[in-house]
Amino acid sequence: MPDPSAATPRRRLSKQKRHAQLLEVARELIRDMGTDEFTLGRLAERAGVTKPLVYDHFGDRSGVLAELYREFEAHQREMLGVALDHAGPELPVVAGVVAGAYIDCCLAEGRELADVVAALAGSPTLSRLRQEAEDAYLAMCREALEPLSGPIDAAGLHVIIGAGDALARGALSGRISSARAHGALTRVITAIATEDRHDATQAAS
């Protein structure tokens, strides 16, 4: 008979699967205790692996947080792409889809994302990541909106990010409902998309 006291062999995963597992455990830890208490040692303990293995995957604590942020941004773009694939070719519809994807993704990530961003605040890594992510997201918004609205000012596009973040924080804290956040952001996006059209009409009159 097998010796019941024998330790169960640790399941070996491919590097890619182990990386994904560690990120999921990191997300759980941040959800449970916030980023202030998050360390690579605790991550290794919760995941049941050695600390050197965690360092091999991420380098340091900021490396884990940066990876979590990249995952969020990739998920946000994926959600937007799927939603746009099923949207009708009308500006109010597309504006609503862009707004809904932004708010829904922020709410799905919950407070963990806000904790990750706060923990990385001021770091060159986060500044670069956020700029790259915003540029990619806004490029998708421009591609979806401009065929229906005409050219959109770059400064106006960046308002979508600022308004979306503020409204998502309000919804996460319970100060406003997700439906109100969605509606408000839809109106912001519609106004931005039609601003130049209104200016051109006024100039011609």
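What share of the 205 residues in the chain is buried? Buried residues make up 40% of them. The model is a predicted one. Its chain holds nine helices and zero strands. Read from the N terminus, the elements run α-α-α-α-α-α-α-α-α. Contacts with a separation of 6 or more reach far along the sequence: residues 24 or more positions apart account for 70% of them. The exposed surface comes to about 11400 Å². Carbon and sulfur atoms supply 54% of that area.

Turn now to the core. Nonpolar side chains tend to be buried together in soluble globular proteins. In this chain the largest nonpolar core has 58 residues. Phe 38, Leu 43, Val 54, Val 64, Val 98, Leu 185 and Ile 189 touch the most other members. Helix H5, residues 91–109, gives the most to this core, with 11 residues.

Phe 38 is a good place to look at the packing. Leaving aside residues up to four places away in sequence, Phe 38 touches Ala 26, Leu 29, Ile 30, Leu 43, Arg 61, Val 64 and Leu 65. Two of these contacts, Leu 43 and Val 64, also appear in the list of core residues that touch the most other members.

Leu 43 leads on to helix H2, which spans residues 40–47. Its buried residues are Leu 40, Leu 43, Ala 44 and Ala 47. Why do they lie on the same side of H2? They cover an arc of only 100° around the axis, and this puts them on that one side. What covers them includes helix H1 (15–33), helix H3 (51–58) and helix H4 (61–85). Just after H2 comes Gly 48, with a positive phi of about 75°.

Ala 47 also gives a route back to H1. Its C-alpha atom is separated by 9.5 Å from that of Arg 18, 29 residues apart along the chain. Arg 18 is found in helix H1. Is Arg 18 buried or exposed? Arg 18 counts as buried because its relative accessibility is 9%, against a cut-off of 20%. The side chain of Arg 18 makes a polar contact of 2.7 Å with that of Gln 21.

Another buried polar residue sits in helix H4: Gln 76. Its relative accessible area is 2%, so Gln 76 is buried. Which residues does Gln 76 touch, not counting those up to four places away in sequence? They are Tyr 102, Cys 105, Cys 106 and Tyr 137.

Two of those contacts, Tyr 102 and Tyr 137, bring in the aromatic rings. The structure holds one aromatic pair. Tyr 102 and Tyr 137 form this pair, which is edge-to-face. The rings are 5.5 Å apart centre to centre, with 75° between the planes. The angle counts as edge-to-face because it is over 60 degrees. The pair links distant parts of the chain, 35 residues apart: Tyr 102 lies in helix H5 and Tyr 137 in helix H7. Both rings belong to buried residues. Tyr 102 has 4% relative accessibility, and Tyr 137 has 1%.

Helix H7 covers residues 124–149 and also holds Pro 147. Here the setting changes. At 65% relative accessibility, Pro 147 counts as exposed, since the cut-off for that class is over 50%. Pro 147 and Leu 91 are 56 residues apart in sequence. Their C-alpha atoms are 9.0 Å apart in space.

Conventions:
Residues are numbered from 1 along each chain as its sequence is written. This is a predicted model: local features need pLDDT of at least 70, side-chain atom pairs count only at pLDDT 80 or more; totals for chains, interfaces and linings use all residues. Side-chain values use heavy atoms; hydrogens and water are left out. Buried means under 20% relative accessible area, exposed over 50%, partly exposed in between (1.4 Å probe, protein chains only). Helices (H or I, at least four residues) and strands (E, at least two) are DSSP runs, numbered from the N terminus. The arc is that of the directions from the helix axis to the C-beta atoms. Contact means heavy atoms within 4.5 Å. A polar contact is a pair of N or O atoms within 3.5 Å; within protein, one must be able to donate a hydrogen and the other to accept it, and residues adjacent in sequence count only if both atoms are side-chain atoms. A nonpolar core is a set of buried Ala, Val, Leu, Ile, Met, Phe, Trp, Tyr and Cys residues joined through side-chain atoms within 4.5 Å. Accessible areas come from the Shrake-Rupley method with a 1.4 Å probe; for residues, only the protein chains shown count as cover. Rings of Phe, Tyr and Trp (its six-membered ring) pair if their centres lie within 6.5 Å; planes under 30 degrees apart count as stacked, over 60 as edge-to-face and the rest as tilted.
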